Amino acid sequence: MKILAIGDIVGPLGLEYLSRNLRNYISKEKISLTLVNGENASIGNGLCRADAEAILEAGADVITGGNHIWQKKDLRDFLDTSERIIRPCNYPGQNEGNGYTIADANGYRVLVINVMGIVFSDPLDCPFNAVERVLKREEGNYDFATLDIHAETTSEKYALARYFDGRINCIYGTHTHIPTADEQVLPAGSGYITDIGMTGAHDGILGVKTECIIHKLTTKLPTRFELAEGDVRINGALFHLNTSTGRVEKVERIKL
């Protein structure tokens, strides 16, 4: 079984490019499950309901989120009513949405989990404990599992991957918008990559116009960020999962 994870969509250009290209790739590669991080897809960060519906229409089976997922107020009801969009599981329980869902992939039940890192980020619940609770709560209700770790640091992502090696089949990082070159199969059979990059305009810095970021860093003054344009591409990772053994046999970086 092939599980495709797509990195953070950044702005309308990224969403439009995804809409034009994702279904063809899914069909060509015979993808069983497609996971898309959509938390930056709308203008001004966050994700509005219309853009969430467009991501699902483009071919995503599940949308994962991060620290910006609640930024657009019209998404909040959708988070509570849709099983196809999730937010990090270690935010307070009274917040809208769920931190995981169970998706169908060719008849297999796949537990899709989203968690937020806490190093250099908001002081949320411990991501190790939060994910552990999800696994315990859903024990016996799924065949395979995936984890989107939305976090700042490579060390925290890698530590989570090592901790859950063999219990979560596909583990990958999002948030930093830069794809890493450490795709691997861990000792107990989990597929892992620290960050799968971003989907959007790469002719800038992390999806933002270069001059905006340089102005911010050199002057330290408040700066209005404008989305970059040009060199639009999709970044992600493709996990080849052996359904007989539960081991990932290969992880591939994807650039479209």
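Q: Buried means under 20% relative accessible area, exposed over 50%, and partly exposed in between; which of these classes does glutamate 16 fall into?
A: The model is predicted. Glutamate 16 has a relative accessible area of 37%. Because that value lies between the two cut-offs of 20% and 50%, the class of glutamate 16 is partly exposed.

Q: What separation along helix H1 do arginine 20 and glutamate 16 have?
A: The two side chains meet in a salt bridge with an N to O distance of 2.5 Å. Arginine 20 counts as partly exposed at 48% relative accessibility. Because arginine 20 and glutamate 16 are 4 residues apart in helix H1, their separation is about one helical turn.

Q: How many residues apart are arginine 253 and glutamate 183 along the chain?
A: A salt bridge of 2.9 Å, N to O, joins the side chains of arginine 253 and glutamate 183. The pair links distant parts of the chain, with arginine 253 in strand E14 and glutamate 183 in the loop between strand E8 (170-174) and strand E9 (184-185). Their separation along the chain is 70 residues.

Q: Which residue is the salt-bridge partner of aspartate 231?
A: Aspartate 231 is partly exposed at 42% relative accessibility. A salt bridge of 2.4 Å, N to O, ties its side chain to that of a residue that is itself partly exposed at 21%. That partner is arginine 233.

Q: What is the strand order of the open sheet of 5 strands?
A: The pairing in this sheet is mixed. Its edge strands, each pairing on one side only, are strand E4 (62-64) and strand E14 (248-255). Read across the sheet, the order is E4-E3-E1-E13-E14.

Q: What angle does the direction of helix H1 make with that of E1?
A: Helix H1 (residues 11-29) packs on the sheet. It touches E1, strand E3 (33-37), E13 and E14. The angle between the directions of H1 and E1 is about 165 degrees.

Q: How many residues of E13 are buried?
A: Asn235, Ala237, Phe239 and Leu241 point one way from E13, and Gly236, Leu238 and His240 point the other way. The residues of both groups are buried. For E13 the count of buried residues is 7 of 7.

Q: Which residue of E14 is the bridge partner of alanine 237?
A: E13 and E14 run antiparallel and are joined by 7 bridges. They form a hairpin with 6 residues between them, and glycine 246 in the turn has a positive phi of about 80 degrees. Within this pairing, the partner of alanine 237 is arginine 253.

Q: Which residue of E12 stands opposite alanine 201?
A: An open sheet of 3 strands has the order E2-E11-E12. Strand E11 (residues 198-201) pairs with E12 in the antiparallel sense over 2 bridges. The residue opposite alanine 201 is valine 232.

Q: What is the approximate area of the nonpolar surface patch made by Ile118, Val119 and Phe120?
A: Isoleucine 118 lies in the loop between E6 and H4. At 31% relative accessibility it counts as partly exposed, and patch residues need over 30%. The patch area is about 290 Å².

Q: What distance separates the C-alpha atoms of serine 121 and threonine 153?
A: Serine 121 sits in the loop between strand E6 (108-116) and helix H4 (127-137). It is partly exposed, with a relative accessible area of 27%. Threonine 153 is 32 residues from serine 121 along the chain, and the C-alpha separation is 9.7 Å.

Methods:
Residues numbered from 1 in each chain as written. Heavy atoms only, no water. Buried < 20%, exposed > 50% of the residue type's maximum accessible area, 1.4 Å probe, protein only. Patch = residues over 30% accessible without salt bridge, like charges linked within 9 Å, V, L, I, M, F, W, Y side chains within 5 Å. Areas by Shrake-Rupley, 256 points an atom, 1.4 Å probe, with all protein chains shown as cover. Salt bridge = Lys/Arg side-chain N within 4 Å of Asp/Glu carboxyl O. Pairing = 2+ DSSP bridges. Contact = heavy atoms within 4.5 Å. Axes fitted to C-alpha atoms, helices over the stretch in contact; angles between N-to-C directions.
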